[in-house]
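User: I'm new to this one, so could you walk me through it in plain words?

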Amino acid sequence: MSARRERMDRVRSAMAAAGVDALLLSLGADLPWLTGYEAMPLERLTMLVLPSDGAGTLVVPRLEAPRVREDADLFALRPWAETEDPFALVAGLVGGRRCLAVSDRAWSSALLRLQSDLPHATWAPSSVVTGPVRAVKDEAEVACLRAAAQAADRVAVALQAGEVPLIGRTEAAVSAEIGARLRAEGHSRVNFAIVGSGPNSASPHHEPGERVINPGEMVVCDFGGTLSLDGGPGYCSDITRTVVTGSPTAEMTDLYDVLHAAQAAAVAAAVSGATCQDVDRAARRPITEAGYGDAFIHRTGHGIGLEEHEDPYVVEGNATPLAPGHAFSVEPGIYLAGRFGARLEDIVVAAEGGPDPLNRADHGLAEVG
Ligand code: ZN
Ligand code: ZN
Ligand code: ZN
């Protein structure tokens, strides 16, 4: 069975379980994941109407139809001309079906129009159906994530080896160099390259700016992009390594040792059958015991795939059990506001044989220039 056919079957079972009568996929990652076709993020409507009880139809602007690789097994194609009303086409395909799930990333203008054309329908985000299904990666997806992680690792190794000069440069300049290196290592797109130095290392989502990096500072580097294998859809990388310019203070070393142990404990806890919140607790426990509990101000991780952040979220309150194929970040951090902080992040797959960290760059606090 083809990977696409298998995904379609998994989606149909999930629709039945959620009581969804039709899935309406537009912008976002669900459509390319299911059909291989990614809608252009423009105003013209592209929408796959997939009823629970029949074949799917992809409503697509006529001028974009040549980009669609047709798959008669999975869906029929219904190109619409400039003078047609695509919303009427979608409403006709939906018919009397009531419980509809629409792409989380669909334009609100499209949804508002559909809601007025289909006044008796009830609406849910498509992620109620696709989130848990997409969270479990098949073999080809894990191979893509691994290739992306290995490319990001090569950048991290260069950073730790001091090949990316830090002292005397601005965060923005270092961020740009990390981005260029991600591309040189095979990423087609850079999604982010956070460089937070000195007090900025205590701000988890710091926007790299004009601050010049000094000796004796912690520098949190969190970067990732999108990489595709064999022209397929792009999968995301996401890694954090913290380095110190020169020698760390005793307090920096102490904080980093706690963080390193916490990250290792959380990775080790990510066995199939454990819950997402078990992994979060495993990261939090050693940090809390060391007195840094209030300084770990975010969840432990997020799922990753076609999107940088997707199910499953590794957070207290998420009792979803991990299953083989779940791919997610394990990224505890400790942040002393206004002073310094550190984070350590790997992408991990919950595999049959135990946790499989895709990132293998060294976990120590590298001292660089
Ligand atoms: Zn990250
Ligand atoms: Zn992350
Ligand atoms: Zn380690």
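Here are some questions and answers about the metal sites.

Analyst: Heads up: this is a predicted model, where local features need pLDDT of at least 70, side-chain atom pairs count only at pLDDT 80 or more, and totals for chains, interfaces and linings use all residues. Residues are numbered from 1 along each chain as its sequence is written, chains are lettered from A and ligands numbered from 1 in the order in which they are written, and side-chain values use heavy atoms, leaving out hydrogens and water.

User: What is the site of the zinc ion (ligand 1) like, going by the angles among its four donor atoms?

Analyst: Donors are N, O and S atoms within 2.8 Å of the metal (3.2 Å for Na, K and Ca), and water is not among the atoms, so sites may look incomplete. Here they come from Asp-222 (OD, twice), Asp-238 (OD) and Glu-345 (OE), 2.0 to 2.5 Å from the ion. Four donors are tetrahedral if all angles lie between 85 and 135 degrees; four are square planar and six octahedral if opposite donors are over 155 degrees apart and all others between 65 and 115; anything else is irregular. With angles of 56 to 150°, the site of ligand 1 is irregular.

User: Which residue bridges the zinc ion (ligand 1) and the zinc ion (ligand 2)?

Analyst: These two zinc ions lie 3.1 Å apart. The bridging residue is buried, as is Glu-345 (buried means under 20% relative accessible area, exposed over 50%, partly exposed in between, with a 1.4 Å probe and protein chains only). The bridge is Asp-238.

User: What are the protein donors of the zinc ion (ligand 3)?

Analyst: Both come from partly exposed histidines, at 28% relative accessible area for His-260 and 23% for His-363. Lying 2.2 Å from the ion, the donors are His-260 (NE2) and His-363 (ND1).
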